[in-house]
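Please study the sequence and the three-dimensional model shown below. The exercises after it are to be worked through with the model in view.

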Protein chains: 2
Amino acid sequence: MNTTKDKLVKSITGRDEDFAQWYTDVCRKAELMDYTVAKGFIIYRPYGYAIWENIQRYLDARFKETGHENVYMPLLIPESLFNKEAEHVAGFAPETAIVTIGGKEPLAERLIIRPTSEVLFCDHYAKVVSSYRDLPKKYNQWCSVVRWEKTTRPFLRGSEFLWQEGHTIHATEAEARAEVLGMLDIYNNLGRNLLAIPFVMGRKTDKEKFAGAVETYSIEALMHDGKALQSGTTHYFGTGFAEHFGIGFQDKDGTNKPVHQTSWGVSTRLIGALIMVHGDDSGLVLPPYVAPTQIVIVPIMPGKPGVMEQAAALKEALTQRQFRVKLDDSDKSPGWKFSEYEMKGVPLRIEIGPRDLETGECVIARRFDNEKIRVKLDAVGDLVPGMLADIHQKMYDKAKANVEANTRPAFTYEEFKSLIENQPGYVKMMWCGNRECEDKIKEDTTATSRCLPFHQEHLGDVCPVCGREAVAEVYFAKAY
Amino acid sequence: MNTTKDKLVKSITGRDEDFAQWYTDVCRKAELMDYTVAKGFIIYRPYGYAIWENIQRYLDARFKETGHENVYMPLLIPESLFNKEAEHVAGFAPETAIVTIGGKEPLAERLIIRPTSEVLFCDHYAKVVSSYRDLPKKYNQWCSVVRWEKTTRPFLRGSEFLWQEGHTIHATEAEARAEVLGMLDIYNNLGRNLLAIPFVMGRKTDKEKFAGAVETYSIEALMHDGKALQSGTTHYFGTGFAEHFGIGFQDKDGTNKPVHQTSWGVSTRLIGALIMVHGDDSGLVLPPYVAPTQIVIVPIMPGKPGVMEQAAALKEALTQRQFRVKLDDSDKSPGWKFSEYEMKGVPLRIEIGPRDLETGECVIARRFDNEKIRVKLDAVGDLVPGMLADIHQKMYDKAKANVEANTRPAFTYEEFKSLIENQPGYVKMMWCGNRECEDKIKEDTTATSRCLPFHQEHLGDVCPVCGREAVAEVYFAKAY
C-alpha cells in the first residue's frame with residue numbers, strides 16, 4: 001500500500017528543463033486537481049477549488065457593487081434553440097456533448113450541454129423585457145460548461161471547466177460600451193489586487209474577436225515560458241443578437257428598439273495563469289491574497305512542553321485577525337512539512353520550537369523569496385499584514401518586470417520573425433489593420449495578435465509586413 | 001407589446017382556494033423562476049437565486065467552521081463507474097440523462113449526467129487515501145444534478161436542481177456517526193436561524209431510508225396545506241461503500257481497515273418550503289435574514305423637493321449598517337410598488353413623502369403582520385435590527401404553533417385513518433418496527449412515515465396497526 005510519503009516525496013521536474021511537465025507536476029503535487037476516469041474531466045481538489053473560491057469571492061463582490069445579479073440557467077439546451085446562435089453567428093461551432101437519452105427513452109429533441117449560455121439568456125430576455133423600465137438587465141452566472149476538446153491540460157483547456165458568464169442588455173449603445181470596458185477594468189484589477197498578475201489590456205483584432213461581437217476586449221498574461229495566455233474577455237454585441245432573438249423594448253418616447261448587448265467571462269484558466277506566472281522549481285508560489293492558506297504554523301519538536309500550546313495560541317490569535325491560518329499538528333517530520341507547504345506555495349511559514357519558547361520568539365519564512373526573520377511571538381500579528389502586502393507587491397513587480405523585459409518592438413518583418421522565434425514574450429509592431437497580414441504572421445511563425453493595447457505607442461508609420469499605412473500598434477505572441 | 005404593468009397587475013389565486021395554483025403563481029409573480037423550452041428545467045431568476053445564495057452563505061460558513069472543504073467533481077460519469085453503485089445498492093436506479101455523442105462522434109462509453117456524485121467521491125477517495133494520516137476527508141460540493149422526472153414542480157421536483165452534497169470518510173464509526181448528527185444539527189439550525197422554519201428532526205425507518213445507508217436522518221417541514229416536505233437528509237453508510245470501492249487505510253497499529261462513510265444534502269427545495277410555510281394571499285412572505293431585500297424604500301411623490309434626496313440618504317445610511325436595502329426610484333406609482341414588494345415578500349417597506357419631511361419622519365410597514373409605525377428618520381437605523389429580529393421570531397413562532405396545532409396523536413388505527421384523511425399535518429403513533437405496517441398505512445391512506453423523532457413520546461405499548469409490541473413513536477403524514 002502506498003503511504004502518503006511515497007506519493008509526495010518525489011521531486012518535480014525542473015521548470016526550465018521541461019515547462020509542460022513541470023506544470024503538470026505542480027498541478028498534481030500541490031494537490032490542486034486530479035484526473036478522473038472520464039478523459040478531459042478533472043477533479044478540483046480542495047486546495048485548487050479554494051483558489052477558485054477566492055477568485056469568485058473577489059469578483060462576485062465587484063459584480064454586485066456594480067449592480068449585477070446572479071442567476072442560474074439550465075444545463076441543457078434544446079438543439080433547435082442552440083442552433084439559433086449558429087444561424088446568427090457564422091463561425092460559432094463549439095464541439096459539444098449531446099444528450100440523446102432521458103429516463104431510458106430516446107429524446108424527441110436532442111439536448112446540448114451548455115458550452116456557453118448565450119442563447120438561454122437571449123431567450124429569457126426576449127420574454128421578460130418589454131419596457132425601458134425593464135432595463136438594464138445585468139445578469140451573471142457561475143457554472144461549469146462543457147466543450148468537447150481533443151487535447152486537454154489541467155485548468156488551461158478541459159472538456160469541462162468552471163467560469164462565470166456575464167450577459168447584460170442595455171437601452172443605449174453608450175451604456176453597453178461602458179459596461180464592456182467597466183468589466184474589463186474589474187478583471188484587470190483582479191490581476192492587480194488579487195493574483196499579482198499584470199495584464200496587458202486591449203482590443204482584439206477582427207480576426208481574433210468573438211465571431212458574433214462588434215468588439216472584443218481581453219486581458220493577456222505572460223507565462224514564465226514566454227507564451228501569452230488570454231485570461232478573460234469582454235464583448236460588445238451591438239443589437240445583432242437582440243434583432244435575431246427579438247429582444248426589444250418600448251422606449252420612453254413610445255418607439256420600439258432593440259437592446260444593446262454585452263457578455264464577459266473568466267474561468268479556472270486563471271489558476272493556470274497563477275501557476276505559470278509565479279511558480280518555481282519547488283512548486284507553486286501563491287500571492288498572499290488569493291492563497292487558501294496564508295500562513296502555516298509548523299511546530300518543531302512538538303512533544304516538548306509548551307510547543308503545541310504556543311503554536312495553537314498563535315494560530316488562534318492570527319485566525320482572530322482574519323488571516324487564513326493552518327497549524328500542521330500531524331506526526332510528519334518538520335522537514336517533510338516544509339517541502340509540502342513549499343510545494344503548495346503557502347506565502348508564510350512560522351516555525352516554533354523549544355528554543356524559541358525560551359526567548360519568546362518564532363521564525364517566519366517567506367515562500368516567495370526565502371527570507372527568514374526571527375520575531376517576538378507577540379509581534380507576529382502586527383507584522384503579518386505588512387509582510388503579506390510586501391510579498392504581494394514584490395510578486396506583482398517581478399511579474400511586471402518580466403513582461404517589460406520580454407516585450408520587444410519590431411520595426412521590420414525580418415526583425416519580427418527573429419524575435420518571435422528566438423525570444424520569449426510579446427513582440428509589439430505597427431499594423432495596417434488588414435487580416436491578411438495577421439494570417440501571414442500566423443502562417444510564418446504560429447504567433448497571433450494578442451490585442452491592440454489601450455496604451456498605444458507610435459513605433460512607425462507603416463505596417464512592416466506589407467508596407468501599407470499603419471493604423472495601430474499590436475502585441476503579438478505565441479499563445480496557449 | 002406587453003408593458004410591465006400588464007404582466008404584474010393580475011392578482012394570484014387564493015391560497016386556500018387552490019394551493020397548487022397559488023404556489024405556481026407565487027413562483028412566477030414574485031419572479032423567483034421562469035420556465036424554459038426544455039421541459040422540467042427552470043431558470044432561477046435573480047430574486048430566486050439570491051435566496052439560494054443566502055442559504056449557501058449561511059451553510060458554507062457552518063461547513064467550513066466544522067472543518068469541511070469544498071471540491072468540484074466532474075459533471076459526467078462513465079456508465080461503468082455509475083453502475084458500480086447500482087451493483088452495491090439494490091434499489092438505486094435514478095432516472096438519468098445520458099450523453100451518447102461528444103464532438104459529433106458516438107462515444108465508446110456512454111456518460112451519465114450526475115444525479116448524485118457518490119461514485120466519483122468513492123473513486124477519488126480510493127485513490128488518495130492510504131494512511132490514517134489522510135483521514136478524515138470531509139468534502140462538500142455545490143452543484144446542480146439531473147434526474148429525469150416525469151412530473152415536475154418549481155423548486156420541489158425538477159429535472160435539474162441545485163444542491164450541496166457532502167461526502168465524508170472517517171477512521172472510526174463513532175466519528176462518522178457524530179458527523180451525521182452534527183450535520184443534521186446544522187440543517188436544523190438553518191431552519192431556526194435563517195428560514196424561520198421549525199423542522200421535526202429524526203431517524204428514517206428502513207423503508208424510507210436511502211437504500212445504501214445504515215441510517216438515514218431527516219429534517220421535515222410542514223407546509224400550509226398540511227403536507228410534509230422532507231427538507232434535508234444525512235446518511236451513515238458504515239463501511240459498505242468503502243469495501244465495494246476499496247477505500248482502505250493503514251491505521252496507527254499497522255492494520256488495514258475500510259473507512260466509515262457519510263453523506264448529506266439539502267437543495268433548492270428549501271425555497272419551496274419557504275414559500276409554502278410562510279406565504280399568504282398577497283404572495284411571498286420572506287423571513288428577514290434570508291430575504292434578498294430586507295428593506296425597500298418607496299418615495300411618495302418623488303417629484304416634490306427633498307423627497308428623493310431624503311430617500312437616497314436613508315438608503316445610504318441603512319446600507320452602511322449592512323442591511324440589504326433597495327430604493328425603488330422607478331416611475332411606477334407607489335401603489336403599484338407596494339403590491340410588487342408585497343408579492344416579493346420584502347420584510348420592511350419604508351415610505352417617505354413630502355409630509356414626512358416636514359416632521360422628519362417616515363412610515364415603516366411590516367410585510368408579515370401589516371403593522372405600520374411612524375418613526376423619526378434618524379431613529380430608523382437603530383430600530384431596524386430589533387424589528388427584523390422580532391419579525392423573524394414571530395414567523396418562527398407562528399410556524400411552530402402551526403406544527404404543534406397540526407400534530408395529532410392516534411391511539412387506534414381507525415383514529416389514525418380518520419385523522420390522516422380529514423386533518424392536515426402529522427399524525428403521531430406508536431409503531432412495531434415492521435415494514436408491513438408502514439406498507440399497509442401507505443396503501444390505505446397514501447401517508448408515509450416521516451421519521452422517528454428524536455424527542456420520543458410514549459403514546460402506548462402496542463402498534464395500533466398490528467397490535468404487536470411498539471418499539472418507537474413515528475410521525476406520519478401525506479408528503480410532497
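Five exercises with worked solutions follow.

This is a predicted model, in which local features need pLDDT of at least 70, side-chain atom pairs count only at pLDDT 80 or more, and totals for chains, interfaces and linings use all residues. Residues are numbered from 1 along each chain as its sequence is written, while chains are lettered from A and ligands numbered from 1 in the order in which they are written.

**Exercise 1. The two copies**

Task: Determine how chain B is related to chain A.

Solution.
Step 1. Chain B is superposed on chain A by a rotation of 180° with 0.0 Å of shift along its axis, at an RMSD of 0.0 Å. The fit is by least squares on the C-alpha atoms of residues with pLDDT of at least 70 in both copies.
Step 2. The two copies are therefore related as by a two-fold rotation axis.
Step 3. In chain B, the C-alpha nearest the axis belongs to B:Val99, at 2.1 Å from it.
Step 4. Of the interface residues of chain B, 100% are also interface residues in chain A, so the copies meet through the same surface.

**Exercise 2. A sheet built from both chains**

Task: State the order of the strands in the open sheet of 6 strands and identify its edges.

Solution.
Step 1. Helices (H or I, at least four residues) and strands (E, at least two) are DSSP runs, numbered from the N terminus. Two strands pair if DSSP finds at least two bridges between them.
Step 2. The order is β4(A)-β6(A)-β5(A)-β5(B)-β6(B)-β4(B), with antiparallel pairing.
Step 3. The edges are β4 (76-78) of chain A and β4 (76-78) of chain B; each has a single partner strand, so one side of each lacks a neighbour in the sheet.
Step 4. Neighbouring strands of this sheet are turned by 45° against each other on average, direction ignored. Axes are lines fitted to C-alpha atoms, for helices over the stretch in contact, and angles run from 0 to 180 degrees between N-to-C directions.
Step 5. Between the chains, β5 (residues 97-102) of chain A and β5 (residues 97-102) of chain B run antiparallel and are joined by 5 bridges. One of the pairs sets A:Gly102 against its bridge partner B:Ala97.
Step 6. Helix α4 (residues 79-88) of chain A lies across β4 and β6 (105-113) of chain A, at about 80° to β4(A). In chain B, helix α4 (residues 79-88) lies across β4 and β6 (105-113), at about 80° to β4(B).

**Exercise 3. The surroundings of strand β21(A)**

Task: Decide whether the residues of strand β21 (residues 426-431) of chain A are buried or exposed, and find the partners of the strand.

Solution.
Step 1. A residue is buried if 20 or more other C-beta atoms lie within 10 Å of its own, exposed if 12 or fewer, and partly exposed in between; C-beta atoms are placed from the backbone.
Step 2. By this rule 6 of the 6 residues are buried, so β21(A) is largely enclosed by the rest of the structure.
Step 3. A:Tyr426, A:Lys428 and A:Met430 point one way, A:Val427, A:Met429 and A:Trp431 the other way, and all are buried.
Step 4. Strand β20 (residues 407-409) of chain A runs parallel to β21(A) and is joined to it by 3 bridges; here A:Arg408 has A:Val427 as its bridge partner.
Step 5. Strand β23 (residues 472-477) of chain A pairs with β21(A) in the antiparallel sense over 5 bridges, and A:Val427 stands opposite A:Phe476.
Step 6. β20(A), helix α13 (residues 413-422) of chain A and β21(A) form a right-handed β-α-β unit. Right-handed means that, with the strands pointing away from the viewer, the path from the first strand over the helix to the second runs clockwise.

**Exercise 4. Strand β7(A) and its partners**

Task: Describe how strand β7 (residues 137-146) of chain A is enclosed and paired.

Solution.
Step 1. Of its 10 residues, 7 are buried, so β7(A) is largely enclosed by the rest of the structure.
Step 2. Strand β3 (residues 69-70) of chain A runs parallel to β7(A), joined by 2 bridges, and A:Asn70 has A:Asn140 as bridge partner.
Step 3. Strand β8 (residues 160-170) of chain A pairs with β7(A) in the antiparallel sense over 10 bridges; A:Val146 stands opposite A:Glu160.

**Exercise 5. Helix α2(A)**

Task: Identify what the buried residues of helix α2 (residues 19-29) of chain A pack against.

Solution.
Step 1. The buried residues are A:Trp22, A:Tyr23, A:Asp25, A:Val26 and A:Cys27.
Step 2. They pack against β1 (33-35) and α8 (269-278) of chain A, where contact requires C-beta atoms, placed from the backbone, within 7 Å.
Step 3. Just after α2(A), A:Glu31 takes a positive phi of about 60°.

Technical notes
Two residues are in contact if their C-beta atoms, placed from the backbone, lie within 7 Å.
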